[in-house]
Amino acid sequence: MKPFLGIDITTNRKNERLNGNEFLILKPSEILSQTLAKTTEQKDVIIQKSKMPLLLRIIKSICLFLAFICVSALLRARVSLAEAYHNAPWVFWLLPICVILFVLLTVCEKVKSHHVLDTDENQHALATHDRVMRDILAELAVPDNAKNVDVLSCYYTERNGKIKAIEKGLQVHQFSNLIFKAYRDNENLYLTNCNGKYAFPLSSLSSIRTVKKHTVIKEWHKEEPYDKGIYKPYHMSIDKFGCLNCNSYYILEVVHNTETYGIYIPCYELPVFEELTGLRAE
């Protein structure tokens, strides 16, 4: 099976070519693509400037973790507070220090983010990027009722027919979650983003396979929190690197010219793909 949006580095570690061009039926105009590349670069610079340095973000996560450990230790202790202090005074000193540092770093993080993002120049740059994206989706004829979905992409190796998603270089995640507009008509399932429109004949969709395996995904970028509302039942968590941890994912299998492709779906997008395809996860 060939992963859609996968990058095969079995024999070439430098390969960067995504699988799936066989399904690409329409690309945006050259002028819009170039404008998007320029505005995306500007957006990335702005977002990076709005973040605290990585070291401080790691310290913030460590403080939260240590505070959780201290509170858990105190709750499990079956002695008085005086005796607990006598047995482990460091817990009583470490807890407030971690809480204070966590709060200070959180406030600093928010202040810096607002200071960078709220300038007129940066607001204009971000608005321009969003406008170009809307222009591309309009050019690719994406309907208003299309659903926003994440589709997984990964570097992988293949051994004896088995696919293994891997972390490459300094990556701390197995999968990147790319945003698409998903919709269908009587003939095809469409996945469209600013790189182009992919079409998968409904007749080629064979099954949705469940993969029960711990999975690390690059980030969470939905408006609703990962642990609230419709996403709460999936029991996902965020690690100290800001990556999303899940317990499973799904593969929508597509048979094309006698070859099987797999569209890798994060667990939280399964209901959307079941609705669009009429298939149920096995």
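These are legends for a handful of close-up views of a predicted model. Residues are counted from 1 along each chain as its sequence is written, and side-chain values rest on heavy atoms, with hydrogens and water left out. Because the model is predicted, local features need pLDDT of at least 70 and side-chain atom pairs count only at pLDDT 80 or more, while totals for chains, interfaces and linings use all residues.

**View 1. The second largest pocket holds about 250 Å³ of space.** A pocket here is an open set of points on a 1 Å grid over the protein atoms alone, where a 1.4 Å probe fits, with protein on both sides within 12 Å along at least five of seven lines; lining residues have an atom within 4 Å of a point. Points are joined across faces, edges and corners, and the volume is the space filled by probe spheres set on them. Sixteen residues would crowd the picture, so look for those closest to the centre of the 16-residue lining: Ile-163, Lys-164, Lys-213, Tyr-249 and Tyr-264. Strand 5 (162-166), strand 9 (205-211) and strand 13 (249-256) each give two or more residues to the lining, and strand 5 has the largest share, with three. Strands are DSSP runs of E, at least two residues long, and helices are runs of H or I, at least four long, both numbered from the N terminus. By class, the lining has nine nonpolar, four polar and three charged residues; Ala, Val, Leu, Ile, Met, Phe, Trp, Tyr, Cys and Pro count as nonpolar, Asp, Glu, Lys and Arg as charged, and the others, Gly among them, as polar.

**View 2. Strands 1, 14, 13 and 9 line up, in the order 1-14-13-9, as an open sheet with mixed pairing.** Two strands pair if DSSP finds at least two bridges between them. Strand 1 (2-3) and strand 9 are the edges, each pairing on one side only. Strand 13 runs antiparallel to strand 14 (residues 259-266) over eight bridges, with Val-255 opposite Thr-260. Two residues sit between these strands in their hairpin, where Asn-257 takes a positive phi near 50°. Strand 9 joins strand 13 through six antiparallel bridges, and Ser-207 has Glu-253 as its bridge partner. Six of the eight residues of strand 13 are buried, that is, under 20% relative accessible area (exposed is over 50%, partly exposed in between; 1.4 Å probe, protein chains only).

**View 3. Strand 4 (residues 147-159) and strand 5 run antiparallel, joined by five bridges.** Thr-157 stands opposite Lys-164. The hairpin has two residues between the strands, and Asn-160 takes a positive phi near 55°.

**View 4. Val-151 is among the residues that touch the most other members of the 42-residue largest nonpolar core.** Leu-191, Phe-200, Leu-252 and Ile-263 are listed with it. Such a core is a set of buried Ala, Val, Leu, Ile, Met, Phe, Trp, Tyr and Cys residues joined through side-chain atoms within 4.5 Å. Beyond its neighbours within four places in sequence, Val-151 has contacts (heavy atoms within 4.5 Å) that include Phe-4, Leu-5, Phe-180, Leu-191 and Phe-273.

**View 5. Asp-44 lies in helix 1 (residues 30-50).** Why is Asp-44 called partly exposed? Because its relative accessible area is 47%. Its C-alpha atom is separated by 9.7 Å from that of Leu-126, 82 residues apart along the chain.
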